Amino acid sequence: MAFISNGSSIRVGQSSPHKLGLNSTQRVMSLLILATLPGLLAQIVFFGWGSLVNVLWCVLIALGCEALALTLRRRPVRSCLSDCSVAVAGVLLGLALPPFAPWWLSLVAVSFAVIIGKHLYGGLGQNPFNPAMLGYVLVLISFPQEMTAWLPPLGLEGHNNSLGDALSAIFGQGVDAVSMATPLDVLKENSSLTINELWQANPIFDGMAGRGWLWVNLAYLAGGLFLLWRKVFTWHAPVGMLAAITIMATLFWQGSGSDSHGSPMFHLLSGATMLGAFFIITDPVSGATSNRGRLIFGAGVGIIVYVIRAWGGYPDGVAFATLLMNMAAPTIDYYTQPRTYGHQRASKGLPKKD
């Protein structure tokens, strides 16, 4: 689904007739932001105020970059800012970046996402890649040290829920002493301990997915189900991604030995799984357009995410998997086009003679 200038929406890559829905761009984007609030709240509860500061800072940068790009392109600024689309990119990046990410890191990620990822291709509805994931991958590759300095859950390593610490870390000198590897990092680097020994040796492991991460993912799942209930998007892409991760994790689980890649529940409820399934791969512009295409698109993302987690060089792979499948989306659309309205399916084989 791509958005058109009058605020309504139509499906692209499919045949007429087009149905104009009641969802305007502004309404859809507002619902998306609203649905991220449970996940943001969970991140604040378990990882401190840094996530909230990040989100507000990234949204401010996104609005500024959007206004600058629109001015340079001689496009109306107020009406385009009011559709909230660029605010969504800022919110997603603010949620995805480490809670104590320095201000300049967010500036680089968001400005690249908005100016290069969005406006370089013509603006809303024209970008072939997810802008937020482009910005995220840029800083992940360019600044790996800052991007891997994720906070431990509150109460571990002297980390306390202080707004002052968050502001000091983001806009000041930083708080390097409290950084800790995520559960996905720890599992990837493990080479000698069994799963049970790893859980006992690392305080960050608590429950199925790590302290805090379970509830963060459940919160994003709740937000995603809310969006499905409001029919902001269909179930096909999220189900395809989650099913593919489950199948891959089941096939290559390898029990609880030292070479295990983690259980299916661990992969579903750790990292950015639910954020990716319901808020990233459901981007209506850079994904597939038909229902069957969305299912394939989501499954492709899920497979690549697991491959990167298990055998790749990064602990999580949602951003890379999304961008790779963005490149495949036109091909998926080509082979999954629905039947043209008013026409029968093409017959196969030689025509019958009377």
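## A tour of the predicted model

Select Phe-252, Tyr-306 and Trp-311: ring pairs link these residues into a cluster. Rings of Phe, Tyr and Trp (its six-membered ring) pair if their centres lie within 6.5 Å; planes under 30 degrees apart count as stacked, over 60 as edge-to-face and the rest as tilted. This is a predicted model, in which local features need pLDDT of at least 70 and side-chain atom pairs count only at pLDDT 80 or more, while totals for chains, interfaces and linings use all residues. Residues are numbered from 1 along each chain as its sequence is written, and side-chain values use heavy atoms, with hydrogens and water left out.

**Stop 1: aromatic pairs**

A pair of aromatic rings is described by the distance of the centres and the angle of the planes. The count comes to ten aromatic pairs. Start with Phe-47 and Trp-213: the ring centres are 5.1 Å apart and the planes stand at 55°, so the pair is tilted. Phe-47 sits in helix H1 (residues 25-47) and Trp-213 in helix H11 (residues 213-229), so colour the two helices to see a link between distant parts of the chain, 166 residues apart. Helices are DSSP runs (H or I, at least four residues), and strands are too (E, at least two), numbered from the N terminus.

Now show the surface. Buried means under 20% relative accessible area, exposed over 50%, partly exposed in between (1.4 Å probe, protein chains only). Phe-47 is buried at 1% relative accessibility. Trp-213 is buried at 7%.

Go back to Phe-252 and Trp-311. Their ring centres lie 5.2 Å apart with planes at 90°, so this pair is edge-to-face. The pair also links distant parts of the chain, 59 residues apart. Phe-252 is in the loop between helix H12 (236-251) and helix H13 (264-268), and Trp-311 is in helix H15 (residues 291-311). Phe-252 is partly exposed at 31% relative accessibility. Trp-311 is partly exposed at 46%.

**Stop 2: charged side chains**

Stay in helix H15 and select Arg-294. Which side chain of opposite charge is nearest to Arg-294? The nearest is Asp-333, 7.7 Å away; Arg-294 is buried yet has no salt bridge. Lys and Arg count as positive and Asp and Glu as negative; His and the chain ends are not counted. A salt bridge is a side-chain nitrogen of Lys or Arg within 4 Å of a carboxyl oxygen of Asp or Glu. Add Asn-291 to the selection: a polar contact of 2.7 Å joins its side chain to that of Arg-294. A polar contact is a pair of N or O atoms within 3.5 Å; within protein, one must be able to donate a hydrogen and the other to accept it, and residues adjacent in sequence count only if both atoms are side-chain atoms.

Side chains of opposite charge can pair when their charged atoms come close. The structure holds two salt bridges. Select Glu-66 and Lys-118 for one of them, with the closest N and O atoms 2.9 Å apart. Glu-66 lies in helix H2 (residues 50-72) and Lys-118 in the loop between H5 and helix H6 (131-142), so the pair ties together parts 52 residues apart in sequence. Glu-66 is buried at 2% relative accessible area. Lys-118 is buried at 7% relative accessibility.

Then select Asp-316 and Arg-309. Their side chains meet in a salt bridge of 3.0 Å, N to O. Asp-316 and Arg-309 are both buried.

**Stop 3: a surface patch**

Select Trp-49, Trp-103, Leu-107, Leu-163, Leu-167 and Phe-171: they form a nonpolar patch on the surface, with about 520 Å² of accessible area together. The elements giving two or more residues to the patch are helix H5 (103-116) and helix H8 (163-171). Which element gives the most to the nonpolar patch? Helix H8 does, with three residues. Leu-167 belongs to H8 and is partly exposed at 39% relative accessibility.

Patches are made of residues with over 30% relative accessible area and no salt bridge: like charges are joined within 9 Å, nonpolar side chains (Val, Leu, Ile, Met, Phe, Trp, Tyr) within 5 Å. Accessible areas come from the Shrake-Rupley method with a 1.4 Å probe; for residues, only the protein chains shown count as cover.

**Stop 4: loops**

Select Thr-148, in the loop between helix H7 (144-147) and H8. Thr-148 is partly exposed at 44% relative accessibility. Add Tyr-314: the two residues are 166 apart in sequence and 9.9 Å apart in space, C-alpha to C-alpha.

Finish with backbone angles. Most residues other than glycine have a negative phi. Arg-74 has a positive phi, near 60°. Arg-74 lies in the loop between H2 and helix H3 (77-81) and is exposed at 80% relative accessible area. Lys-231 has a positive phi of about 60° although it is not a glycine. Find Lys-231 in the loop between H11 and H12, exposed at 68%.
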